[in-house]
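Reader: I am new to reading protein models, and I would like to go through one slowly with you. Could we take the features one at a time, with the general idea first and the case at hand after it?

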Amino acid sequence: MLQDAVSRFNQRFPKVALIILLTLPFANLVYLGLHDDLSADPVEYVLHYTGIWALRLLLLTLAITPLRQLFGAPVLIRFRRILGIATWVYATLHFAVYLSLDLQFDFAHLWQDILKRPYITVGFLAWLLMTPLALTSSNRAVRALGRRWKKLHRLIYLITLLACLHFIWLVKADLFEPLIYTAIALLLLFYRLVKASR
Amino acid sequence: MKFRPDCHQNEVTDEQIACHRRSFLKNAGLLATGGVLAGCDSRAQPASDKAAKGAECAPYNVLCEDITAEKYATSYNNFYEFSLTKDGPSRLAGDFNPHPWTVRVEGLVESPAVYDLEKLIAGCHQEERIYRFRCVEAWSMVIPWNGFALHHLIKKLRPLSAARFVEFETLYDPKRMPNQNRQVIPWPYREGLRMDEAMNELAFMATGMYGKPLPNQNGAPIRLVVPWKYGFKSIKSIVAIRFTDKQPLNSWHQIAPQEYGFYANVNPEVDHPRWSQASERRIGAKASLFNPRIKTLPFNGYGEYVAHLYKGMDLRKFF
């Protein structure tokens, strides 16, 4: 009985800890907001903050497979789903802030942005494509989709490229930060290409 | 207090009251604490005659909109010579010493020389101007500048009749402006105006803001303020003024000619190739997540003073 409980705890603790960890960036944002510390342009700050965390989590999700294989730590796979969903949650927050606080639910403006602004087109597309992946992350969906699940979830590679483009195209002059993220993304994608070609 | 775009200039009485009240507040030392601004508030208390006397109530002063809190205007801005982030310049420019300061006057001018700043600007009529400031990145502020109209200085320097443009240059000194060690921009930063633009009453040289000397991060000791153009035209920490007969190559145009023009007039009709210029986020007295976007006005709301400069020009072509 007690042993069961202990082993259940051991099983669950890392996941629960990770989920708590993943709420910290959001908690920090709330803290900054409550202390009037979101810079002179809070909407811009929150947009950038949620966007950059979505991208970080996306890269972390993509890093799981290489890390497992390179360091012989198959146990890491337990965290991939949580990271993937967290990525979608932060991306959704990012989009929601843009639509509500920035555009004030002006859907005509949203539509124009999506059609006319390439960085918004690719950003929106990335979020849109991510949504079916988040929706099919339950065990049941994995079973139901069978081989197609893997195919569908390969979309993540395209989403990664779109997300990087989104970042690169929005900066005015300093490409340093977006290019760092893009370099990491390309490295993670390149790893898979090499693996696949062997 | 909320931004009220429907507040019109024709309410002369209200505006005068507001102006007087402003001056009264200033005299009372209230304004310097930031955030307080009389709008076109008809309930405003008329100040005493004494307070009203010194008030400069130029019609182009922005009286009906919240002044940006001083802490925002001095801690959120672009100054790539120090940092590429918005809060970087205020953190990193503290050690910059803008004294002594000299300005090189050269080109098609009667009196080319290197001037001490004090001598250069001596005799230029000092005043306060409350202007909207619209960044090309689609955020904006309302800032009380201290300084003098650029035309005072130009008349004093006496350009030759062949001079059709005036070009300005920011200090290039990587030891004092550390981010100049990175090649983000072909340093030094350069900007320019057509002579008739420079002679316009609204073109302003600021040596201070919020009643204090210009902070380093805002372009100490002297900068240009061209309120009807995007912020990047308002070049900071000026060390050279050059009169020429050719249109100067301004830095942003040099970096990305398809995105930034020479004129850079605020224009909601002409989008930046990558984002819309139709609206802006106003950084006001208090930053809030729920401040609505406001519509961007042609020439940043200064059309009646400057639109005639561009008569017959295709502003889509000359953006």
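Reader: Let me begin with a pair of strands: which residue in β2(B) is the bridge partner of Val105(B)?

Author: Please keep in mind throughout that this is a predicted model. To read a pair of strands, one looks for the bridges that join them, since two strands pair if at least two bridges are found between them. Here the partner of Val105(B) in β2(B) is Ala113(B). That bridge belongs to a set of four between β1, residues 102-107 of chain B, and β2, residues 113-116 of chain B, and these strands run antiparallel. The link from β1(B) to β2(B) is a hairpin of five residues.

Reader: Which strands make up the open sheet with β1 and β2 of chain B, and in what order do they lie?

Author: The order in a sheet is read from neighbour to neighbour in space. In this sheet of chain B there are five strands, in the order β2-β1-β10-β5-β6, and the pairing is mixed. The edges are held by β2 and β6 (190-194) of chain B, each of which has a single partner strand, so one side of each has no neighbour in the sheet. On average, neighbouring strands of this sheet are turned by 20° against each other when direction is ignored.

Reader: How many bridges join β5(B) to the edge strand β6(B), and which residue there stands opposite Phe165(B)?

Author: Five bridges join β5, residues 165-170 of chain B, to β6(B), and the two strands run antiparallel. The residue of β6(B) that stands opposite Phe165(B) is Arg194(B).

Reader: Then what should I make of β11 in chain B: is its pairing with β4(B) parallel or antiparallel?

Author: The direction has to be read for each pair of strands separately. With β4 (residues 139-149) of chain B, the strand β11 (residues 279-282) of chain B runs parallel, joined by two bridges, and Trp139(B) has Arg281(B) as its bridge partner there. With β12 (residues 294-295) of chain B, β11(B) runs antiparallel, again through two bridges, and Glu280(B) stands opposite Ile294(B).

Reader: How many helices and how many strands does each chain have?

Author: Such a count is a first outline of a chain. Chain B has nine helices and 12 strands, whereas chain A has nine helices and zero strands, so that the pattern along the sequence of chain A reads α-α-α-α-α-α-α-α-α.

Reader: When two helices pass each other, how do I describe it, and at what angle do α2(A) and α3(A) cross?

Author: One takes the axis of each helix, and then asks about the distance, the angle and the handedness. The axes of α2 (residues 42-71) of chain A and α3(A) come within 8 Å and cross at roughly 160°, and as angles over 145 degrees count as roughly antiparallel, these two helices are roughly antiparallel to each other. The crossing is left-handed, and the contact has 19 nonpolar, six polar and three charged residues.

Reader: Which residues of α3(A) and α5(A) meet?

Author: In α3(A) they are Gly84(A), Ile85(A), Trp88(A), Ala91(A) and Phe95(A), and in α5(A) they are Trp127(A), Met130(A), Thr131(A), Leu133(A) and Ala134(A). By class, that contact divides into eight nonpolar, two polar and no charged residues. The axes of α3 (residues 77-102) and α5 (residues 118-135) of chain A come within 10 Å and cross at roughly 140°, and these helices are therefore oblique to each other. The crossing of α3(A) past α5(A) is left-handed.

Reader: Is Ser138(A) buried or exposed, and where does this residue lie?

Author: Burial is judged by counting neighbours, and a residue with 12 or fewer other C-beta atoms within 10 Å is exposed. Ser138(A) has 10, so this residue is exposed, and its place is in the loop between α5 and α6 (139-145) of chain A. For whole chains, buried residues make up 25% of the 198 residues in chain A and 45% of the 319 residues in chain B.

Reader: Finally, how many residues of each chain are in contact with the other chain?

Author: An interface is read from both sides. Here 17 residues of chain A are in contact with 20 residues of chain B, and the side of chain B has 12 nonpolar, two polar and six charged residues.

Methods: Residues are numbered from 1 along each chain as its sequence is written. Chains are lettered from A and ligands numbered from 1 in the order in which they are written. This is a predicted model: local features need pLDDT of at least 70, side-chain atom pairs count only at pLDDT 80 or more; totals for chains, interfaces and linings use all residues. Two residues are in contact if their C-beta atoms, placed from the backbone, lie within 7 Å. Ala, Val, Leu, Ile, Met, Phe, Trp, Tyr, Cys and Pro count as nonpolar, Asp, Glu, Lys and Arg as charged, and the others, Gly among them, as polar. Axes are lines fitted to C-alpha atoms, for helices over the stretch in contact, and angles run from 0 to 180 degrees between N-to-C directions. Angles under 35 degrees count as roughly parallel, over 145 as roughly antiparallel, 65 to 115 as roughly perpendicular and the rest as oblique. A crossing is left-handed if the near helix is turned anticlockwise from the far one by less than a right angle, and right-handed if clockwise. A residue is buried if 20 or more other C-beta atoms lie within 10 Å of its own, exposed if 12 or fewer, and partly exposed in between; C-beta atoms are placed from the backbone.
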